[in-house]
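Subject: Handing over the structure

Dear colleague,

I am passing the structure on to you, with the sequence alongside. Please open both before reading further, as my notes are meant to be followed with the model in view.

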Amino acid sequence: MRASLVEIFSSFQGEGTYVGAPTIFVRFGGCDLRCRWCDSPTTWTASRSCRIERRAGSGDFDTVANPVEIDTVVDRVRGLGLRDASFVSATGGEPLLQPGAVAALGHALRDDPARFWLETHGLHVDALRRVAGVVDVVSMDWKLPGEVERASGAAGGFADAHRVFLEVALGSAECLVKIVVTEATRDEEWDEACRGVASVAPEVPFIVQPVTPVENPLGRIERRPSAARLMELQRAAELHLRTVRIIPQTHPLLEAL
Ligand code: SF4
């Protein structure tokens with residue numbers, strides 16, 4: 001089994017309820033969405049090569065051709081150092097576009113001390129079923145249709161697929177739901193999203209992530225929503241959900257060190 005990857009590196013979890021946890025990231029290439037705030041546009045299409053960090057935190061990378069054998073991925077992940085409190089995160093791009101590779105990686109690391117994390121846009125439920133049993137934590141996005149499009153240009157909302165996905169994910173893994181908010185986030189779509197999550201799991205950790213200013217091929221986002229707006233969104237979410245947390249991305253701070 002082989003995987004088309006962008007990079008493997010060691011860092012800290014920068015988002016969600018496990019922020020700060022030591023994490024080795026395996027970034028898969030290819031994504032079928034286009035989010036206005038995406039900070040990884042180089043993952044949108046498969047790349048010819050993958051960079052792999054030589055030593056944890058060194059910032060020195062080897063370059064290997066894609067696709068990469070899963071045995072090689074496992075060796076290089078182990079080489080970056082796994083321990084009990086750590087995670088291996090399959091991220092992207094969208095890892096569930098390569099479910100066989102995600103399942104093989106999770107399976108190979110099953111007896112290692114780290115927990116296996118899946119970062120996903122939360123739409124491909126059949127692929128999720130293929131990796132169930134090897135994933136310990138599912139961190140799924142809940143996409144608001146106003147700011148996210150399918151790469152194919154196909155129309156249609158995401159809510160129904162997200163609901164089914166969350167239901168299946170909860171059957172075999174710890175889950176958290178993450179939702180990026182911008183100044184353009186509308187009250188109606190916010191209410192619909194909160195009700196949608198609550199209809200499946202009102203107790204699931206619901207992470208509100210104020211957008212990080214970014215420029216990508218879709219354009220530029222210059223500002224985060226104000227603190228007052230974030231409080232308003234949190235109060236509205238709390239009408240339906242028990243654990244609502246405002247947590248900005250923290251890895252940009254680390255990169256600035
Ligand atoms: S799903 Fe993730 S990788 Fe894909 S466009 Fe959106 S933010 Fe970027």
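Below is what was found, taken region by region.

Please keep in mind throughout that this is a predicted model.

I would begin with helix α6, which covers residues 227-238. Its twelve residues, at 1.5 Å a residue, should span 16 Å, and the end C-alpha atoms are indeed 16 Å apart, so the expected and computed spans agree. Four residues of α6 are buried, namely Arg 229, Leu 230, Leu 233 and Ala 237, and because they cover an arc of only 100 degrees around the axis, they lie on the same side of α6. On the other side of α6 the exposed residues are Ala 227, Ala 228 and Arg 235. The cover over the buried residues of α6 includes β12 (174-181), α5 (187-200), β13 (206-210) and β16 (244-246).

The largest nonpolar core has 58 residues, of which Ile 8, Trp 190 and Phe 206 touch the most other members, while α5, with five residues, gives the most to this core. If neighbours within four places in sequence are left aside, the contacts of Phe 206 include Val 177, Ile 179, Trp 190 and Ala 237; the last of these, Ala 237, is also one of the buried residues of α6. There is a second, separate core of 13 residues, and among them are Cys 35, Val 148, Val 180 and Val 211.

Cys 35 also appears in the surroundings of the ligand, together with Cys 31, Leu 33, Arg 34, Cys 38, Thr 43, Trp 44, Gly 93, His 121 and Lys 143. This shell divides into five nonpolar, three polar and two charged residues.

Two peptide bonds deserve a look, given that most peptide bonds are trans. The bond from Gly 92 to Gly 93 is cis, with omega near 10 degrees, and Gly 93, found in the loop between β8 (87-91) and α2 (99-108), is one of the residues around the ligand. A cis peptide bond also joins Asn 66 and Pro 67, with omega about -10 degrees, and Pro 67 is found in the loop between β6 (61-65) and β7 (68-69).

Lastly, Ala 173 sits in the loop between α4 (159-170) and β12, and because its relative accessibility is 13%, under the 20% cut-off, Ala 173 counts as buried. Not counting residues up to four places away in sequence, Ala 173 touches Val 135, Asp 136, Val 137 and Val 138. Val 134 is 39 residues from Ala 173 in sequence, yet their C-alpha atoms are 8.9 Å apart in space.

With kind regards

Note on methods. Residues numbered from 1 in each chain as written. Predicted model: local features only at pLDDT ≥ 70, side-chain atom pairs only at ≥ 80, totals over all residues. Heavy atoms only, no water. Helix = DSSP H or I, 4+ residues; strand = E, 2+ residues; numbered from the N terminus. Expected span 1.5 Å × (residues − 1). Buried < 20%, exposed > 50% of the residue type's maximum accessible area, 1.4 Å probe, protein only. Arc of directions from axis to C-beta. Contact = heavy atoms within 4.5 Å. Core = buried A, V, L, I, M, F, W, Y, C linked by side-chain atoms within 4.5 Å. Near = heavy atom within 4 Å. Nonpolar A, V, L, I, M, F, W, Y, C, P; charged D, E, K, R; others polar.
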